[in-house]
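Dear colleague,

I am handing over the structure we spoke about, and I would be grateful if you could look through it before reading my notes. The notes come after it.

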Amino acid sequence: MTDFNAMTEALVACDAVKLTDLVNSALAADVPAGDILNNGLIAGMDIVGEKMESGDMFIPEVLMAAQAMGACVEILKPHLGEDGAAAGASVIIGTVKGDLHDIGKNLVAMMMESAGLTVHNLGVDIAPENFVEEIKAKSAKVVCLSALLTTTMPAMKQTVDAIVEAGLRDEVKILVGGAPVTQAFADEIGADGFAADAGSASKLAKKLAA
Ligand code: B1M
């Protein structure tokens with residue numbers, strides 16, 4: 001049986017070597033990549049989050065854990081996608097202004113790419129005006145906003161407002177997500193959709209782009 005606990009423990013211990021070994025062994029044993037991601041890595045990150053909140057882990061350690069997780073996501077990448085489709089609609093994704101969290105956003109981008117969408121990943125701390133410029137530059141059909149902090153959720157609303165002010169609201173669908181974001185919040189700020197995880201974000205983006 002796969003020892004997901006060993007993965008969560010290695011992640012919390014920031015032991016990237018052990019963690020990548022465990023992930024590679026699980027893949028070699030035909031454990032589904034989605035199970036490794038959800039039961040090993042994301043479960044481990046939840047514990048890291050709790051320890052961060054309680055002061056038992058500090059930012060440098062959290063960053064090391066995030067890097068270890070990022071390395072494992074790269075290993076899982078070829079095994080996670082849906083069946084590829086032909087290069088599709090142009091999608092822009094970024095973490096909103098003031099927010100530096102990118103692991104979940106990158107997972108969303110990866111799932112969208114493997115679903116056949118043409119994804120332009122802008123990175124983190126993206127200002128509303130930069131989203132607007134990129135929508136124009138890339139003729140985007142969908143713009144995806146990620147936020148992990150309650151304090152940066154207002155930047156999602158500012159981005160929606162900037163898109164409206166730029167006269168682009170009818171050109172582009174807006175999808176929002178990230179741990180503190182809800183469907184109610186998406187409705188409140190005038191987004192077209194909310195997704196709770198990378199898989200459903202990818203499906204919804206394809207639907208919105210159609
Ligand atoms: Co930060 N952090 N962090 N952090 N961090 C959280 C988010 C927090 C919940 C931890 C905690 O206190 N329990 C807390 C936020 C509290 C709140 O606002 N409610 C917090 C805090 C407070 C902070 C700082 C303020 C700490 C400080 O400095 N005092 C600071 C802020 C920095 C900033 O952004 N300005 C900070 C910094 C950091 C690090 C830089 C050290 C690091 C980020 C490194 C990186 O991303 N490269 C970090 C980390 C790693 C975390 C936790 C531990 C893990 C986040 C993560 O990667 N999860 C996190 C606690 C937690 O989440 N349990 C925490 C795994 C990832 C796969 O999940 O990102 O949720 P997630 O993505 C999911 C879904 O949300 C969804 O799909 C993904 C996968 O299915 N999703 C979307 C995401 N984006 C989407 C977009 C979509 C649709 C779905 O459509 C567009």
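What follows is a short account of the ligand and the residues around it.

Please keep in mind throughout that this is a predicted model. The ligand sits in the largest pocket, and the elements that give two or more residues to the shell around the ligand are α3 (33-54), α4 (59-80), α5 (103-114), β3 (142-146), β4 (173-177) and α9 (198-209). Of these, α3 gives the most, with seven residues.

In total, 37 residues surround the ligand, and the closest are Gly98, Leu100, His101, Asp102 and Ser146. When the residues of this shell are divided by type, 24 are nonpolar, eight are polar and five are charged.

His101 deserves a look of its own. This histidine is found in the loop between β1 (90-96) and α5, and its NE2 atom is the single donor that the protein offers to the cobalt atom of the ligand, at 2.2 Å. A polar side-chain atom of His101 also lies 2.8 Å from a nitrogen atom of the ligand.

Two further polar contacts can be found by following the ligand's nitrogen and oxygen atoms. On the side of Ser146, a polar side-chain atom lies 2.8 Å from a nitrogen atom of the ligand, whereas for Ala179 a polar backbone atom is 3.2 Å from an oxygen atom of the ligand.

With best wishes

Terms used
Residues are numbered from 1 along each chain as its sequence is written. This is a predicted model: local features need pLDDT of at least 70, side-chain atom pairs count only at pLDDT 80 or more; totals for chains, interfaces and linings use all residues. Side-chain values use heavy atoms; hydrogens and water are left out. A residue is near a molecule or strand if one of its heavy atoms lies within 4 Å of it. A polar contact is a pair of N or O atoms within 3.5 Å; within protein, one must be able to donate a hydrogen and the other to accept it, and residues adjacent in sequence count only if both atoms are side-chain atoms. On a 1 Å grid over the protein atoms alone, a cavity is a set of points where a 1.4 Å probe fits but cannot get out, and a pocket is an open set with protein on both sides within 12 Å along at least five of seven lines; lining residues have an atom within 4 Å of a point. A molecule sits in a cavity or pocket if more than half of its atoms lie within 2 Å of its grid points. Helices (H or I, at least four residues) and strands (E, at least two) are DSSP runs, numbered from the N terminus. Ala, Val, Leu, Ile, Met, Phe, Trp, Tyr, Cys and Pro count as nonpolar, Asp, Glu, Lys and Arg as charged, and the others, Gly among them, as polar. Donors are N, O and S atoms within 2.8 Å of the metal (3.2 Å for Na, K and Ca); water is not among the atoms, so sites may look incomplete.
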